[in-house]
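Me: I would like to learn how to read a protein model step by step, beginning with the whole chain and ending with single residues. Could you take me through one?

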Amino acid sequence: MASVSEAKSLVLDRITHRFASGTMAVSDINLDVKGGEIIALLGPSGCGKTTLLRIIAGFIGQSEGRVIIGNDVVDALPPNRRAVGIVFQNYALFPHLSISENVGYGLAARGVDKATRNKEAQRLLDMVQLGPFGERLPRQLSGGQQQRVALARALAIKPSILLLDEPFAALDKNLRLDMQIEVKRLQRMAGTTTLIVTHDQEEALSMADRVAVLSHGHLEQFGTPSEIYDQPQTLFVNTFVGTANRVTGTVIATDADDVKVALDAGGEIIARAPKPVRASDKVIVCLRPEHLTFVSDDSGFAGEIGMALPLGATVVHEIKAKDGSSIKISQARTGGTPLREAGTPVRVAPLAPGLATVFPQ
Amino acid sequence: MKSATTASATAPGDVTSFSLGLALPLGVVFAIFFVLPLAQLFYLSLHNDTAATVWGLGQYIKFLSDPFSLAVLGSTLLLGAEVTLACLVLGYPIAWLYQRSGSRVQTLIIMIVLLPLLTSVVVRTFAWIVILGRQGIINSVLQSLGLIGTPLRMIYTQGGLIAALAQVQMPLMVLPLITAIGRIDPNLADASASLGAGSWRTFVKVMLPLSMPGIIAGCTLTYAAAITAFITQSLIGGGQMLFMPMYLYQQASTLQNWPFAAAISIIFLFAVLAIVALFSMLGRRARGYGDAR
């Protein structure tokens, strides 16, 4: 118990799960998490991320595949023998037990005597800055405080893996940022391998070392936040993470990873193709609003301003292209950034070649 | 300005008088058919002779100094405790099962639980006589299987009575339990397991304390119903076992000793009130748990 715990790795090996009704919840998920990493499972609701979390915790037995913690395959172990700590979305604190008893609950289950338990609970409560609250009941604390208790309770068992299920969803926006910093600080201190389930991309990108994007039970991409944002591998990732304008076009030439596309809106652009495409393929081109700029030469494509939206630090212009598609372009606002009037004819192009991404249609 | 003041001044008053007015019919019925007879009963119990002419506490002294009467009171309260315990032990798993079943099984469970309430007590009690009797279902099956030579004595025994009463009172236990267990956040059991607790520990440390409001409510209802179940007590218990409701009936109806019967009623009433107060005191201590989401 007292031995210094090494951060354990977590491997999901071809995890597939079908519900009793036959619905496929997750399909062929492979994840290789290094010890001490923070991983975010990101996806819209119903993408299977919570199912995956419950499989790792042992609440659901997967239909196929293996869960490996450290060097051990844990599939045969019930939840109470996996040493996986969980912070639930609604915190799930025991309402009839004091804060201190909540934190000491896992230690009591391990047969630790009361004096040691109380001391350890106090140490953890000090760590989450709730030292004086040990005698209170959960309902006497605010949401943020309850969450810190839930975190302390999960960390008390020195878990090999820490799972956080939508941990910040119930907090208001200001508190959320504070708690994200706090959780990251505590995770660094404890060095515990951590999985955060979230549908909030900002949260995933800001907190995680690596992000796994899930959609309809499939793993779309697993990579660092920069890779996810800058080099999305699928159309889903490109549109779900960050915002992207989707325009259609036809491939006219390919050269290694770069392809030249003739846009239906007119003009040609050079784009990156993570999936192979051939000449004369119909494709979807994703352009991030912040990767576009107004140009005065004849590169890019033409359109006219539909609307100008000054959003504080950025200015967003909506442009109507020739084929009727609507494209947003966002610029950092400097002293002289002019708001363009509706109806003004403009030309728009990516800031650099390769900032646009094409996907087969 | 003026109209606003008037409205705010009169509106709350209106609401109050209105709701009191609505409660009036019931209040009148209650006063005439419950409070008044109870007062009369109390008045009657304070007389030493059967004709109710001499004032005194003689009836109370007679009851409280009579070992036979005290034994009847004691066995009645004990019977209630035994029936309540049987209902709790048998009912908790049913309520537990209900919360963990699909909606079709839930409907089935509710129907089975409510079924006893849909038939008359007399019918149900006679069914138990058929089951428990000397030539009843259990005895004839066991005899035909050759397991027993002479019929077992089940009817007119404490055990048979407890079984019959427990079946009759079961809905009063199961329904509050279903409500209480349903209010417990299912994540709590998962949280307990993930912290290393086995299923027994999770049950004792989390589920049981959090279902305490339902246990208290169920026990109070079952207890009160079991000790006053005149028909079942008399028919299944038979002549050898005497409980308070029958004792009372004998004194009033057979012996025409109304003042003594009245005193028995009052003593019985206070004994039951004391038990109910004990339960609700326990309930108050457990109330914090009930807020569990």
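Reply: What follows is a conversation about this model, which is predicted.

Me: Where should I begin, and how many helices and strands does chain A have?

Reply: A count of elements is a good start, and in chain A the secondary structure comes to 8 helices and 20 strands. The C-alpha atoms of chain A fill a box of roughly 75 × 45 × 35 Å along the principal axes, and 41% of its 361 residues count as buried. You can also look at how far apart in sequence the touching residues are: among contacts in chain A between residues at least 6 apart, 65% join residues at least 24 apart.

Me: How do I read a sheet, and in what order do the strands of the open sheet in chain A lie?

Reply: Follow the strands from one neighbour to the next, and you will find the order β15-β19-β16-β17-β18 in this open sheet of 5 strands, with antiparallel pairing. At the edges are β15 (292-295) and β18 (326-332) of chain A, each of which pairs on one side only. Neighbouring strands of the sheet are turned against each other by 50° on average, if direction is ignored. To see one pairing in detail, take β16 (residues 301-311) and β19 (residues 345-350) of chain A, which are joined in the antiparallel sense over 4 bridges; A:F301, for example, has A:V348 in β19(A) as its bridge partner.

Me: What does a strand look like when both of its faces are covered, as in β6(A)?

Reply: In a regular strand the side chains alternate between the two faces of the sheet. In β6(A), A:V84 and A:I86 lie on one side while A:G85 and A:V87 lie on the other, and these four are all buried. The strand β6(A) runs parallel to β7 (residues 161-165) of chain A, to which 4 bridges join it, and A:V87 has A:L164 as its bridge partner in β7(A).

Me: Which elements give two or more residues to the side of chain A that touches chain B?

Reply: The contact takes 21 residues from chain A and 19 residues from chain B, and on the side of chain A the elements that give two or more are β6 (84-87) and α2 (99-109). The residues on that side divide into 13 nonpolar, 5 polar and 3 charged.

Me: Which residues touch the most other members of the largest nonpolar core?

Reply: This core has 156 residues, and those touching the most other members are A:A40, A:I56, A:L163, A:A212, A:V285 and B:I264. Helix α7 (residues 158-182) of chain B gives the most to the core, with 14 residues. Domain 1 (10-235) and domain 2 (243-360) of chain A both give residues to this core, so it lies between them. Leaving aside neighbours within four places in sequence, the contacts of A:V285 include A:V247, A:V261, A:L263 and A:V358.

Me: What is unusual about the phi of A:E166, and is A:E166 buried or exposed?

Reply: Most residues other than glycine have a negative phi. A:E166 is not a glycine, yet it has a positive phi of about 40°, and its place is in the loop between β7 and α5 (173-190) of chain A. A:E166 is buried, because 20 other C-beta atoms lie within 10 Å. B:Q256 also is not a glycine and has a positive phi, of about 55°, in the loop between α12 (244-254) and α13 (258-286) of chain B. B:Q256, however, counts as exposed, with 10 C-beta neighbours inside 10 Å.

Notes
Residues numbered from 1 in each chain as written. Chains lettered and ligands numbered in written order. Predicted model: local features only at pLDDT ≥ 70, side-chain atom pairs only at ≥ 80, totals over all residues. Pairing = 2+ DSSP bridges. Axes fitted to C-alpha atoms, helices over the stretch in contact; angles between N-to-C directions. Core = buried A, V, L, I, M, F, W, Y, C linked by C-beta atoms within 7 Å. Buried ≥ 20, exposed ≤ 12 C-beta atoms within 10 Å, placed from the backbone. Domains from an automatic or database assignment. Contact = placed C-beta atoms within 7 Å. Nonpolar A, V, L, I, M, F, W, Y, C, P; charged D, E, K, R; others polar.
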